[in-house]
Amino acid sequence: MNIPNSIVRIFIMLPNGQIVAQLRDNIPGIASQGMLSTFGGGVDTGESPQQAAVRELEEETSLKSDCNIAFITTFIYMKNNNPKFIQKNHLFLAKVSNIEKIEIKEGVGFVVLRKDVDFEKVNAGEGTQMAWKLLQEYLKSNNLCM
């Protein structure tokens, strides 16, 4: 499996405040097989994290760049506690006006979650759990809580 040095992670927020996460495929060689994950992927050479977030969101959900994509934070994640696999993660929140606009093109589907879900009790990878905690902090600090 090729592990990019820099990736974007995107959660989607619906008008009612619920959060959409990706349900990954069980394809050998992909990260987080069969788990809940963020939408997103690697940042290409010469591309900014914001550009990568717009591209990945459209590739995986058909959502165009006209939806509101907000940068939340960047965090460092060491895969499997191996210093050879240090990854820069850029976290974004995309707000959409209508769930019907989401057309899944990657993964087996998506899951709609309450904003207060305890992600440690969800089948999600460690990087996604870290991203979820940071999303929770962002939502609270910006008064976007229910």
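**Two helices, their buried faces and their salt bridges**

Helix H2 is followed by Asn-143, whose phi is positive, near 55°. Helices here are DSSP runs of H or I with at least four residues, strands are runs of E with at least two, and both are numbered from the N terminus. The structure is a predicted model, in which local features need pLDDT of at least 70 and side-chain atom pairs count only at pLDDT 80 or more, while totals for chains, interfaces and linings use all residues. Residues are numbered from 1 along each chain as its sequence is written, and side-chain values use heavy atoms, with hydrogens and water left out.

Helix H2 itself is a good place to start. It has 16 residues and reaches 23 Å from its first C-alpha to its last, close to the 22 Å expected at 1.5 Å a residue; the expected span is 1.5 Å times one less than the number of residues. Its buried residues are Gly-127, Thr-128, Gln-129, Ala-131, Trp-132, Leu-135, Gln-136, Tyr-138 and Leu-139. Here buried means under 20% relative accessible area, exposed means over 50%, and partly exposed lies in between, with a 1.4 Å probe and protein chains only. The cover over these H2 residues includes strands S1, S2, S3 (36-37), S5, S6 and S7 (109-113), where contact means heavy atoms within 4.5 Å.

Two neighbours in H2 give a closer view. Leu-135 lies in this helix and counts as buried because its relative accessibility is 0%. Leaving aside residues up to four places away in sequence, Leu-135 touches Phe-11, Ile-19, Ile-72, Leu-91 and Leu-93. Leu-135 and Ile-10 are 125 residues apart in sequence, yet their C-alpha atoms are 9.9 Å apart in space. Gln-136, also placed in helix H2 (residues 126-141), is buried with a relative accessible area of 15%. With the same allowance for residues up to four places away, Gln-136 touches Lys-115 and Asp-116.

Asp-116 leads on to the salt bridges. In general, side chains of opposite charge can pair when their charged atoms come close. A salt bridge is taken as a side-chain nitrogen of Lys or Arg within 4 Å of a carboxyl oxygen of Asp or Glu, and a search of the whole structure finds 7 of them. One of these joins Asp-116 to Arg-114, with the closest N and O atoms 2.7 Å apart. Asp-116 is exposed, its relative accessible area being 54%.

Other salt bridges involve helix H1. Arg-55 pairs with Glu-56, where the closest N and O atoms are 3.0 Å apart, and also with Glu-59, at 3.3 Å between the closest N and O atoms. Arg-55 and Glu-59 both lie in H1 (residues 49-61), 4 residues apart, about one turn of the helix. Of these two glutamates, Glu-56 is buried at 7% relative accessible area, whereas Glu-59 is partly exposed at 40%. A network of salt bridges links Asp-44, Glu-47, Arg-55, Glu-56 and Glu-59. Glu-59 and Gly-40 are 19 residues apart along the chain, and 8.9 Å separates their C-alpha atoms.

As for its overall form, H1 has 13 residues and reaches 18 Å from its first C-alpha to its last, close to the 18 Å expected at 1.5 Å a residue. The buried residues of H1 are Ala-52, Ala-53, Glu-56, Leu-57, Glu-60 and Thr-61. They lie on the same side of H1 because they cover an arc of only 130° around the axis, the arc being that of the directions from the helix axis to the C-beta atoms. These residues pack against strands S1 (6-13), S2 (19-23), S4 (39-42), S5 and S6 (86-95).

Just after H1 comes Ser-62, found in the loop between H1 and S5. Ser-62 has a phi near 70°, a positive value in a residue other than glycine. Most residues other than glycine have a negative phi. Ser-62 counts as buried because its relative accessibility is 16%.

A last feature is found on the surface. Ile-76, Met-78 and Ile-86 form a nonpolar patch there, with about 250 Å² of accessible area together. Patches are made of residues with over 30% relative accessible area and no salt bridge, joining like charges within 9 Å and nonpolar side chains (Val, Leu, Ile, Met, Phe, Trp, Tyr) within 5 Å. Accessible areas come from the Shrake-Rupley method with a 1.4 Å probe, and for residues only the protein chains shown count as cover. Ile-76 belongs to strand S5 (residues 68-78).
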